[in-house]
Number of protein chains: 2
Amino acid sequence: MTLVMINGEIVDSAAAKVSAWDRGLFFGDGIYEVIQAYVGKLWGFDQHFRRFQRSLREIEITDVDLNEVEGWINRAFSAAKMPDSLVYFHLTRGCGIRSNVPGEDLGRPQFLLYIKPAPDNRKYVAEGISVITYPDIRWKRCDIKSLNLLPNVMAARAAKKVGADEALFVDNGLITEGASSCFFAILGENLVTRPLGHEILPSVTRQAVLALAQKLGIQTVERPISVAESLQAEELFVSSSGREIRPIVNLDGHPLSNGKPGPKTLALIDTFLKHTRSGESFDDLVRDTRFELLPAQ
Amino acid sequence: MTLVMINGEIVDSAAAKVSAWDRGLFFGDGIYEVIQAYVGKLWGFDQHFRRFQRSLREIEITDVDLNEVEGWINRAFSAAKMPDSLVYFHLTRGCGIRSNVPGEDLGRPQFLLYIKPAPDNRKYVAEGISVITYPDIRWKRCDIKSLNLLPNVMAARAAKKVGADEALFVDNGLITEGASSCFFAILGENLVTRPLGHEILPSVTRQAVLALAQKLGIQTVERPISVAESLQAEELFVSSSGREIRPIVNLDGHPLSNGKPGPKTLALIDTFLKHTRSGESFDDLVRDTRFELLPAQ
């Protein structure tokens with residue numbers, strides 16, 4: 001129940017292959033996106049696609065026909081007939097003899113997409129999740145959504161080993177973001193999250209959560225959050241396209257908010273679910289908010 | 001004129017393919033090595049293979065039959081009939097549905113190897129190379145030789161744009177290493193290079209160069225080198241398995257050592273070429289030296 005497309009061709013999922021000379025494999029020399037579809041619509045497609053273009057531009061993958069790529073994504077989504085699904089795609093710089101600097105034989109960028117059913121997040125909402133902290137050993141351009149994800153894998157595996165659902169990267173006592181999610185805290189009455197910058201991904205769900213909070217009358221503040229204050233926070237949660245919003249009830253083994261999802265987090269989730277399941281667009285949601293998706297260049 | 005082997009099978013080079021579900025492609029979740037062969041021998045094989053094992057261990061790719069992998073490398077090298085060649089190989093964690101934490105469907109690690117003729121470095125030795133500096137935006141575990149090489153690609157492309165052969169990563173005014181090489185300076189009478197640590201790869205040629213210097217009676221010092229003192233250095237050079245030793249004659253547009261390879265660098269290259277082309281082993285070279293290949297854990 002997975003649809004796979006490679007360079008515009010829908011192929012058999014289990015047998016899907018790419019060139020062994022793909023620079024994605026040798027260098028992680030590519031950019032990816034993950035979009036959740038709700039009730040037949042790619043939610044936040046424009047924001048994801050704009051971020052995709054920005055990441056490509058930052059690593060100077062320029063020889064791309066973006067209209068063609070957008071057409072492929074839409075064609076694959078139609079063919080998949082999965083109205084509620086998760087759509088992954090990436091584009092690498094091309095294929096060629098391995099060399100840091102691509103040679104004359106580079107060829108065109110390589111596109112890979114797959115679509116699978118959306119995850120069921122109800123258990124996580126009902127029970128909350130445990131998270132651990134992990135040293136932020138990543139590179140200094142985490143705003144670029146590249147295929148260099150080994151530290152994220154290492155952090156996520158460390159979390160899994162102790163039964164946690166996610167790892168939060170920590171640099172100098174401050175939480176940057178999750179291994180594959182954005183991090184939020186309710187501190188006092190405010191919703192707090194880290195400002196955009198090179199240390200975190202300009203998350204699309206982050207922007208949605210900030211907009212939802214404003215709709216709910218929750219004051220939002222963008223500043224770094226320390227591990228120490230997280231342990232004292234009223235509520236914590238993470239968000240991402242696939243995870244949606246998951247309440248954190250345990251951090252590094254310390255129970256939080258009485259071990260239960262907190263009221264503001266649950267209110268945000270409720271509003272998020274109503275919004276996404278109604279077929280309302282991302283643009284409708286964020287229209288009146290004052291947050292930018294992408295950090296200043 | 002390239003031999004390719006995938007999971008122990010020698011395959012047609014141009015048509016070589018890997019599974020689209022390879023974690024190397026999605027995450028760069030794998031480890032690689034590059035070994036130069038001289039006169040029919042894989043020079044420094046044991047050191048490279050030890051480093052390979054160490055990198056695998058650091059990212060916890062454990063389900064590997066290393067004897068089998070070693071057998072594949074030797075079989076491929078025999079089949080290639082290229083006594084002077086460059087041997088690249090990598091091993092990724094496996095294939096499976098994309099998830100930071102590998103699922104039950106992970107399968108076995110995926111091995112890819114190719115062998116191509118050794119590069120001809122004579123021009124670089126005769127003329128020297130130009131290099132640029134580039135911000136060290138890499139992750140904090142550069143001692144692990146992983147497939148997460150996007151910053152190296154970015155730096156190398158920036159160098160190429162201005163006609164330079166290599167980029168030197170700089171962190172806080174100090175040079176860490178090249179995008180795909182180790183960095184050395186002759187400062188006064190001494191050969192200076194950065195100490196091993198998480199910031200640089202434990203380079204095999206680095207150890208060879210230090211051993212050669214000791215044979216030549218050149219005092220060696222391990223300490224970080226700043227950009228400022230590099231501009232005043234008597235001589236600079238980089239080394240790697242493929243590049244061997246290349247004299248630097250221009251740094252960020254500033255001519256160095258009168259724009260010509262310096263005498264100590266040329267003496268080191270001369271000794272290096274005699275050593276490697278004689279078929280003498282790496283172990284013979286480093287036997288009496290006091291340097292360690294791998295940093296303390």
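**Figure 1. Strand S15 of chain A and its surroundings in the predicted model**. In this predicted model, strand S15 of chain A covers residues 235-240, and six of its six residues are buried, so the strand is largely enclosed by the rest of the structure. The enclosure concerns both faces of S15(A): A:Glu235, A:Phe237 and A:Ser239 are buried on one side, while A:Leu236, A:Val238 and A:Ser240 are buried on the other. Strand S11 of chain A, made of residues 182-187, pairs with S15(A) in the antiparallel sense over five bridges, and within S15(A) it is A:Glu235 that stands opposite A:Ile186. S15(A) also pairs with strand S16 of chain A, residues 244-251, again in the antiparallel sense and over five bridges. In that pairing A:Ser239 stands opposite A:Ile245 of S16(A), and a hairpin of three residues joins S15(A) to S16(A).

**Figure 2. The two chains and the rotation that relates them**. Chain B is superposed on chain A by a rotation of 180° with 0.0 Å of shift along the axis, the RMSD being 0.0 Å. This is the relation of a two-fold axis. The same surface serves both copies, in that 100% of the contact residues of chain B recur in chain A.

**Figure 3. The open six-stranded sheet of chain B with two helices packed on it**. Six strands of chain B form an open sheet with antiparallel pairing, and their order is S2-S1-S7-S6-S4-S5. At the edges stand strand S2 (9-11) and strand S5 (41-42) of chain B, each of which has a single partner strand, so one side of each is left without a neighbour in the sheet. Within this sheet, strand S6 of chain B (residues 85-92) and strand S7 of chain B (residues 110-117) run antiparallel and are joined by eight bridges, in which B:Thr92 has B:Gln110 of S7(B) as its bridge partner. Helix H2 of chain B, residues 45-58, lies across strands S4 (30-38), S5 and S6 of chain B and runs at about 175° to S4(B). Helix H3 of chain B, residues 66-80, likewise packs on the sheet, where it touches strand S1 (3-6), S2, S4, S5, S6 and S7 of chain B, with a direction that makes about 30° with that of S7(B).

**Figure 4. Aromatic pairs in helices H2 and H3 of chain B, and a cluster that includes residues of both chains**. Over all chains, a search of the whole structure finds 36 aromatic pairs. One of them is formed by B:Phe49 and B:Phe52, a tilted pair with 5.7 Å centre to centre and 40° between the planes. These two residues, B:Phe49 and B:Phe52, are three residues apart in helix H2 of chain B and are therefore separated by about one helical turn. B:Phe49 is buried, with a relative accessible area of 5%, and B:Phe52 also counts as buried, at 0% relative accessibility. B:Trp72 and B:Phe111 form another tilted pair, with 5.2 Å centre to centre and 40° between the planes. Since B:Trp72 lies in helix H3 of chain B and B:Phe111 in strand S7 of chain B, the pair ties together parts that are 39 residues apart in sequence; both B:Trp72 and B:Phe111 are buried. A further view shows one aromatic cluster formed by A:Trp21, A:Phe26, A:Phe27, B:Tyr32, B:Tyr88 and B:Tyr114.

**Figure 5. The open six-stranded sheet of chain A with helix H2**. In chain A, an open sheet of six strands with antiparallel pairing has the order S2-S1-S7-S6-S4-S5. Strand S2 (9-11) and strand S5 (41-42) of chain A stand at its edges with a single partner strand each, so one side of each is left without a neighbour in the sheet. Strand S4 of chain A (residues 30-38) runs antiparallel to strand S6 of chain A (residues 85-92), with eight bridges between them, and A:Val34 has A:Tyr88 of S6(A) as its bridge partner. Helix H2 of chain A, residues 45-58, packs on the sheet and touches S4, S5 and S6 of chain A, its direction making about 175° with that of S4(A).

**Figure 6. The surroundings of A:Ser146**. A:Ser146 lies in the loop between strand S8 (129-135) and helix H5 (150-161) of chain A, and at 2% relative accessibility it counts as buried. A polar atom of the side chain of A:Ser146 lies 3.0 Å from the backbone nitrogen of A:Asn148. Leaving aside neighbours within four places in sequence, A:Ser146 is in contact with A:Gly30, A:Ile31, A:Tyr32 and A:Trp139, and also with B:Leu150.

Methods:
Residues numbered from 1 in each chain as written. Chains lettered and ligands numbered in written order. Predicted model: local features only at pLDDT ≥ 70, side-chain atom pairs only at ≥ 80, totals over all residues. Heavy atoms only, no water. Buried < 20%, exposed > 50% of the residue type's maximum accessible area, 1.4 Å probe, protein only. Helix = DSSP H or I, 4+ residues; strand = E, 2+ residues; numbered from the N terminus. Pairing = 2+ DSSP bridges. Least-squares fit on C-alpha atoms with pLDDT ≥ 70 in both. Contact = heavy atoms within 4.5 Å. Axes fitted to C-alpha atoms, helices over the stretch in contact; angles between N-to-C directions. Polar contact = N/O pair within 3.5 Å; in protein donor to acceptor, adjacent residues only side chain to side chain. Phe/Tyr/Trp six-rings, centres within 6.5 Å; stacked < 30°, edge-to-face > 60°.
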